[in-house]
Amino acid sequence: MARADGADDGCAAGGRTLPVSSARRREWVTGWRLALRMAHRELRRHRGQSLLTALLVGIPVLVLVGGTTLTATSNLSPSESVPLTVGSSQALLMGPQREVVLQSAWPLIGGYGSGSEPATPLPGVPRSTSKNPGDAARRAAELTATQRLVGGRVVPLSTTWLYSDAVKGEALNVLFADVRDPAFRGMADLTSGHWATGAGEVVVTATGAHRGLPTSGPLSLTTEIPDGAEGVRKVAFTQQVVGTGTAYLAEPVDLVMLSRPDLVAAGGPVSGMLVDRPAPVTWTEVRRLNGYGFAVASRSVAADPPADAATQDFPGSTSDSNESTLLVAALTAGLLLLTMLLAGPAFAVSAARQRHTLALAASNGARRPHLRRAVLGQALVLGVVVAVACGAFGIPLTWLGARIVHALHPEYFYGPFDIPWLQVGIVVVATVVAALTAAAVPARGLKRLDIVAVLRGQAVSPRLHRGAPVVGVALVLMGGIGVAAAFLNSYNAAWQTVGAWVFLAGALALVVGALMTVPAILVLSGRLTGSAPIAVRMAVRDGARQRGRAVPTVAAIMAGTIAFTAVALWYAGSDALDQARYRPSVRTGDTLVYVPVKDTRATAAAIRRAHPQWTVTTVEALGLAPGDPRTDQSWVGLLRDGCTPAQAVSDAGQGRVCWVDPYAGSLAVLPLGALRDRLHLSDSQVDQLRAGAVLVSAAAISMSRSEDGRPVGPLVTDGMVRLAAGTVRIGEDGVASDVGTPKVERRRAIPIAESDVLAGLTTLVSAAVAQEAYTSRGWATQPTTLIVDTGDVALTPAQAQDLKDELGLEVNVERGYTSSAGLVTAVLFGATLALVLLAALIATALTLTEARPFLATMAAVGATRRTRRRLAGAQAAWLALIGCSLGVLVGAVPGAAASWSVMHSPGDTIGPTVGLPVPWPTLLGALVAIPMLAGLCGMLLVRRDPVLTRRAT
């Protein structure tokens, strides 16, 4: 006969005694089975609260599942890209280039670039032949040579940008190809009508139709064709729309048409060739074609990429930086942490509601693990249900959303629907873990459950542990150091591996440490409110007594405020840096008109005739004159100390920067009167300019290092600059191959402060001279822009658009720096407010539920509904204030570190020095507005009087 207490040593089953380990395992399984059954019943009994908790857990999960699925769908793999870029052919050839090509297995995704060695010339295509895009002989020679090289049929195609009045101000992506060829099958599909059969026909795609192009009838188009030394000439022509369809070539195409011989310059040289042959293009052949300057997208290589293709190192290849890794890690950790903090109050509600039931179970022999499982079981059931539901509904909703977006906006292209099962699985597992973690705090609180007090209706938090806030402060300090170190070293290559882990560990320590200080803050605040109004005093002291439900509420509020503060500080730093770097194009209120060189004078005259009250100034550039690359060109530029003219033209400074600006030292040339009026020059400075002095911006003078860290020689020495003038010959590779013996003169430099808007002459010129001082020298000048002074009132956006339509040119009105911080702050504040109010409402509802007997007693002794509302509102506002204050303090650490990291990136040595900006109005507004709104919502929850019962005796 088995002993009655034999459960400790084993149990009898069928005449045999189970080992201790088996008995404990059976007890563990039985206990969890019972807990899950109780959890299921409890969730069904309280459907409203269960639904609310599911929403708190499920919303971040839906965002993660939908985001990962949509990203996987929109990012085409090489095998998915093949039909769109190769059609039914074997490969797409891009080029040829002058240098050997280094590429990945699929260059349209992995990238490709030029090597240092020159490419092997195509047989029959001499290198000395003109590279004019309109050279039909060279185009034919390249096609013939490529066809012999690949041993198959070659189908040419090219792309360009055209403009149409139907889509004002936006360029149209045009595919020049005869897509009736079988090689294009899969790349282009016809919806209605027929493909272009003549030079005057065009097919409009769904993307083009969505942008406003007509699907039938005539279509007016415009392009610009290089026109020798005179720059470009504008060509307008009309095509007849003969059909609609779809076409993609690495990106959506708006128009499909046959190549026009008269517009061949618009299409450019042969930008691509489809290889149509039975045999596949192998990786060995790809590498051989790379030697001829071709980048190759091969169907065979995309289906079976070779092992050595992944290790190809080529210019332009990119890898995930530590900064992007930190961003992804922060987003994932933040969403999961937000899930835990938001769901915490809901599980605290459930634990409080079951406190009496669990106390009865404990009085009948249930042990502490059984009580904890009763709470954790709800989190487990809820987490699994929410994870499965988010997977079951999130993935189809993402598919439906992608299809709706593509139908409404065809330019947003999504490939075959992909489900990243590994990432979705990680999210599902993380959801269950997050739910269990959120329930762990109230479940752990059952360890100190006072059975007698609970059965008597007394529920008070245990005595505060004095060491907890000390440990919390230490964790906050260590976490702050870790987060700051991760951000400040994000550009350090040594941190590429450990940076994300340091950030995650630091962020976790920050949040956990701050939460450990919350009980002490609640207790301290309860002691300091002795002289406060009765509603505030009772609300604060109730929160101090009931810390088990107050701490999760503060945690949820703190979570939203942390994200709000961190993003607000980061964006404030980025916005301040952009504002400090901003250089106005012209004086505020002036209008810039960008005109082709050939049409400058005619356009200026047209503006003067239409608007005689406006002042039109032509800005010209004194520097490299346009010409054929194989002939001598006139060149005028400034020389930095230690740089030769050849180095100043080609920036071959051997470790130092010799360029004055991106255009090899070009100078702006304006009439003397315009310079005097715009820059408010003195009479002495005007006389110096008339004698040949040079206006130089303060930024160009003070520049000591370039963006890539190279030293920069002085531009001004003893108040003088060196001005060189001569001829130069630029080779086909863009490098100055022959610089004669230019004449070098020393001219007085007149420094111009940044606020004087020297860049108002043009944003890319660092110096300017008076037109009257240099016109007699015969130096070549080139008109660049027109500055239109419209008077005291700047053009409105509608007037600027009318002028743009009138001229058919790009028009820009200088309105100063425009910040989007207001919109970003409003969005952040709205999201934070929604989270905070949701957490505050949960906490207030919990308070009112638990305080129902207490409120009934207050009503019985004469307390009005207004008093009870004040009590509920004061508690909601107080908890919101604590959560917001801690959230601002904790969020300031990663926010300030991210802001500092943005403003002090490596190589950014020429940018202005900007202090760490703090959006005080935004943060103080959140600290005031959020608690006030939370208190108001808490007051509105008290809507009816409690039910009073009469004692029987």
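Which residues form a negative surface patch? Select Asp165, Asp802, Asp805 and Glu806, since these are the four names to keep on screen: together they form that negative patch on the surface of this model, which is a predicted one. Within the patch, aspartate 805 is a convenient place to pause, as this residue lies in helix α25, which covers residues 797–807, and has a relative accessible area of 37%, so it is partly exposed.

Next, move to helix α12, residues 368–408, and pick out phenylalanine 393 there. With a relative accessibility of 55%, phenylalanine 393 counts as exposed, because the cut-off for that class is over 50%. Now add glycine 66 to the selection: although the two positions lie 327 residues apart in chain numbering, the C-alpha atoms of phenylalanine 393 and glycine 66 are separated by 9.8 Å.

The salt bridges come next, and the structure holds ten of them. Side chains of opposite charge can pair when their charged atoms come close. Begin in helix α8, residues 283–290, where arginine 288 and glutamate 285 sit three residues apart, about one turn of the helix, and where their side chains meet in a salt bridge with an N to O distance of 3.5 Å. The two partners are not equally covered: arginine 288 is partly exposed, with a relative accessible area of 38%, whereas glutamate 285, at 11%, counts as buried.

Then select glutamate 745 and arginine 747, whose closest N and O atoms are 3.0 Å apart in a salt bridge; here glutamate 745 and arginine 747 are both buried. For a linked set, display Arg153, Asp181 and Asp276, which are joined in a network of salt bridges.

Finish at helix α21, residues 672–679, and colour its buried residues, which are Leu672, Ala674, Leu675, Arg678 and Leu679. Looking down the axis of α21, you will find these buried residues within an arc of 165 degrees, and therefore they line one face of the helix. Add arginine 676 and aspartate 677, which form a salt bridge whose closest N and O atoms are 3.3 Å apart; arginine 676 is partly exposed at 37% relative accessibility, and aspartate 677 is also partly exposed, with a relative accessible area of 44%. The last stop is histidine 680, just after α21, where the backbone takes a positive phi of about 55 degrees.

Notes
Residues are numbered from 1 along each chain as its sequence is written. This is a predicted model: local features need pLDDT of at least 70, side-chain atom pairs count only at pLDDT 80 or more; totals for chains, interfaces and linings use all residues. Side-chain values use heavy atoms; hydrogens and water are left out. Helices (H or I, at least four residues) and strands (E, at least two) are DSSP runs, numbered from the N terminus. Buried means under 20% relative accessible area, exposed over 50%, partly exposed in between (1.4 Å probe, protein chains only). Patches are made of residues with over 30% relative accessible area and no salt bridge: like charges are joined within 9 Å, nonpolar side chains (Val, Leu, Ile, Met, Phe, Trp, Tyr) within 5 Å. Accessible areas come from the Shrake-Rupley method with a 1.4 Å probe; for residues, only the protein chains shown count as cover. Lys and Arg count as positive and Asp and Glu as negative; His and the chain ends are not counted. The place of a charge is taken as NZ of Lys, CZ of Arg, CG of Asp or CD of Glu. The arc is that of the directions from the helix axis to the C-beta atoms.
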